[in-house]
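Colleague: I'm new to this one. Could you walk me through how to read it?

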Amino acid sequence: MLENGSPPEITAWAVRRFACWRLLATTQFGMEGCALIDMLAHTGSQVEVVYLDTQFFFAETYALRDRLVERYPSITFRNEGSPLSVADQAATYGDELWRRDPDACCELRKVAPMRRVMERTDVWITGLRRGQSAARGELQAVQWDWRFDVLKINPLARWSRSDVWRYVQEREVPFNPLHEREYPSIGCVHCTKPVPGSSIGEYSREGRWAETEKTECGLHLGENI
Ligand code: SF4
């Protein structure tokens, strides 16, 4: 059922099956995350959705977060981003760390805060898909995450970007307007560029950390994805 079930069915199963466990979902408000939030809300359960505000989100991302909070009252949205201010980061690690050492910047603003979240988590629901990158190609609907030692559930694993886009349109799920402006994947302002010629129903990570070898922030890595 888990391999062949639809994403809403897998999401509903996970919320029901692990109701007594420490369960949460995470998102950084990409289109997949928005679809997942809609599926979670559809279960009728009170579910916690954690995001990590890097303090470098686009203005459109903050506005989207506010729209989602309003649209889905059964979801508890919680920011677990680092409290380190941009000024303190610059004072301690130097200006524009994201330019000089993006892995260190992601560690401070994403990976370390997520490690703290995972210390109090048993079951982690994500909006990851196999088609997002080669590194995510082996993604299973349910698998153990050895990096954070939690059960990881990826209801959208088998879906394509066009499946997600169709779902978002049919259910009128709020999504980031940057997707309509050639941003297939959206992260921090300093590390995300538009991908000219891309369409909203197609996914690409080309615009993330463009001109570097980096492809992942470090939250989802290799076989531990
Ligand atoms: S994506 Fe860029 S700005 Fe955001 S945390 Fe990583 S390196 Fe820093």
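Modeller: Sure. Keep in mind that this is a predicted model. Let's start with helix H4, residues 86–93.

Colleague: OK, how many buried residues does helix H4 have among its eight residues?

Modeller: Zero, so you can call it hardly covered, since a residue needs 20 or more other C-beta atoms within 10 Å to count as buried. After H4 comes Gly94, with a positive phi near 95 degrees.

Colleague: And the ligand? Which helix gives the most to the shell around it?

Modeller: An α-helix has 3.6 residues a turn, so residues three or four places apart point the same way. Here, helix H6 (residues 102–118) gives the most, with five residues. The ligand has 13 residues around it, and those that come nearest are Pro102, Cys105, Cys106, Cys188 and Cys191. By class, the shell holds eight nonpolar, three polar and two charged residues.

Colleague: Why does Pro102 count as partly exposed?

Modeller: Because Pro102 has 19 C-beta neighbours inside 10 Å, and buried starts at 20. Pro102 sits in helix H6. Leaving aside neighbours within four places in sequence, Pro102 is in contact with Cys191, Trp209, Thr212 and Lys214. Pro102 and Cys217 are 115 residues apart in sequence, yet 8.5 Å apart in space, C-alpha to C-alpha.

Colleague: What about strands? How many bridges join S5 to S6?

Modeller: In a regular strand the side chains alternate between the two faces of the sheet. In this model, four bridges join S5 (residues 142–145) to S6 (residues 150–153), and the two run antiparallel. Asp145 has Val150 in S6 as its bridge partner. Their hairpin has four residues between the strands, and Asp149 takes a positive phi near 60 degrees there.

Methods: Residues numbered from 1 in each chain as written. Predicted model: local features only at pLDDT ≥ 70, side-chain atom pairs only at ≥ 80, totals over all residues. Near = placed C-beta within 6 Å. Nonpolar A, V, L, I, M, F, W, Y, C, P; charged D, E, K, R; others polar. Pairing = 2+ DSSP bridges. Buried ≥ 20, exposed ≤ 12 C-beta atoms within 10 Å, placed from the backbone. Contact = placed C-beta atoms within 7 Å.
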